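Let's walk through this protein together, starting with the whole chain and then moving in to single residues and helices. Please keep the structure open as you read.

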Amino acid sequence: MRDEILRAGGTALVTGASSGIGLAIAKRLLAEETRVIAASRRREALESAFEQAGDSVLIHPLDVTDGGAVAGLADSLPEDWREIDVLVANAGSDVGGRRRFLEGGIDDWAQTIETNVTGVLRICHALLPGMLERGRGHIVIIGSISGEMIYPTGNVYAASKHAVHAFAGLLRQDYKNSPIRVTEILPGMVRTGFAAARHLGDEAKAEAFYETWPAILDPDDIAAAALFALSQPAHVNIAQITVTPTGDM
């Protein structure tokens, strides 16, 4: 039986929805007739990505590192968009990453932690009370296989994903006797704009990085995994999904 959360009229909030994995998940949800609150720091990118989506999408600029904005998120939405059934915590950062610790700037490292870890904590803390009150909800956290391994130059990004991995599991334990489900998706290498953002918009460096990988995933591969977890009956919780390219890992 299809989960009632993915019903016509259900509402999902996706962070980092302006591109990459977040955008792919948002589009999959729209195809399921689920309304989507598309959240990202970049309003123009959101508007461009969803210009054909009509009334099924609410564009909502949001920086998950802004504690006040996240805490007041529900109250800042139009009244008929406040009952959020699905949270996809996808926003992430690795600006200045893929280098040895002392070769990176401490402000970049701190930003990675603030976005990847504290941002996830903030958005879950803001929306979970409403889910509990309504007696339904599904939180999907986009982690990374970096949360289960270490590798040279991974340092702060991998550390952030280790923290997210632990948090997702512990959040599931905290609310295991409630109707709230928690899924963590751990992607391998995915071709998105993430590498370019890491190099401050240098597309050539990003492409050179992706070309070093023998196999690579597409954002829609991760979106398919998210929809699989979201589509299960209410008594089924898909705790974790690890997705890697064929022949990798």
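For the charges discussed here, Lys and Arg count as positive and Asp and Glu as negative, while His and the chain ends are not counted. On that basis, the 22 positive and 32 negative charges of the protein have mean positions 3 Å apart. Bear in mind that what you are looking at is a predicted model.

Now take in the overall fold. The protein is built from nine helices and seven strands. Along its principal axes, the C-alpha trace spans about 45 × 35 × 35 Å. Does the radius of gyration agree or disagree with a compact globule? A compact globule of 249 residues would have a radius near 18 Å, and the protein has 17 Å, so the two agree. Of the 249 residues, 49% count as buried. The surface that the protein exposes comes to about 11600 Å², with carbon and sulfur atoms supplying 52% of it. Contacts across the sequence add to the picture: among those between residues at least 6 apart, 68% join residues at least 24 apart.

Let's move inside, to strand β1 (residues 11-15), where you will find Thr-15. Is Thr-15 buried or exposed? Its relative accessible area is 3%, and because buried means under 20%, Thr-15 is buried. Beyond its neighbours within four places in sequence, Thr-15 is in contact with Gly-22, Ala-39, Val-64, Val-88, Ala-89, Asn-90, Ala-91 and Ile-123.

From Thr-15, look across to Asp-63: the two are 48 residues apart in sequence, yet their C-alpha atoms are 8.9 Å apart in space. Asp-63 sits in the loop between β3 (57-61) and α3 (67-71). With 26% relative accessibility, Asp-63 counts as partly exposed. Setting aside residues up to four places away in sequence, Asp-63 touches Arg-41 and Val-70.

Two other loops deserve a stop for their backbone angles. Most residues other than glycine have a negative phi. Glu-33, however, has a positive phi, near 65 degrees. You will find Glu-33 in the loop between α1 (20-31) and β2 (35-40), and at 54% relative accessibility this residue counts as exposed. Thr-153 also has a positive phi, near 70 degrees. Thr-153 lies in the loop between β5 (137-142) and α6 (155-174), and with a relative accessible area of 29% this threonine is partly exposed.

The loop that holds Thr-153 leads to α6. How do the expected and modelled spans of α6 compare? At 1.5 Å a residue, the 20 residues of α6 should span 28 Å, and the end C-alpha atoms are 28 Å apart, so the values agree. The buried residues of α6 include Val-156, Tyr-157, Val-164 and Leu-171, and among them are also Lys-161, His-165 and Arg-172.

Let's finish at helix α9 (residues 219-230). Its twelve residues should span 16 Å at 1.5 Å a residue, and the end C-alpha atoms are 17 Å apart, which agrees. The buried residues of α9 are Pro-219, Ile-222, Ala-223, Ala-225, Ala-226, Leu-227, Ala-229 and Leu-230. What do these residues pack against? They meet α1, β4 (86-89), β5, β6 (180-187) and β7 (240-243).

How values were computed: Residues are numbered from 1 along each chain as its sequence is written. This is a predicted model: local features need pLDDT of at least 70, side-chain atom pairs count only at pLDDT 80 or more; totals for chains, interfaces and linings use all residues. Side-chain values use heavy atoms; hydrogens and water are left out. Helices (H or I, at least four residues) and strands (E, at least two) are DSSP runs, numbered from the N terminus. The radius of gyration is taken over C-alpha atoms; the globule rule is 2.2 Å times the number of residues to the power 0.38. Buried means under 20% relative accessible area, exposed over 50%, partly exposed in between (1.4 Å probe, protein chains only). Contact means heavy atoms within 4.5 Å. Accessible areas come from the Shrake-Rupley method with a 1.4 Å probe; for residues, only the protein chains shown count as cover. The place of a charge is taken as NZ of Lys, CZ of Arg, CG of Asp or CD of Glu. The expected span of a helix is 1.5 Å times one less than its number of residues.
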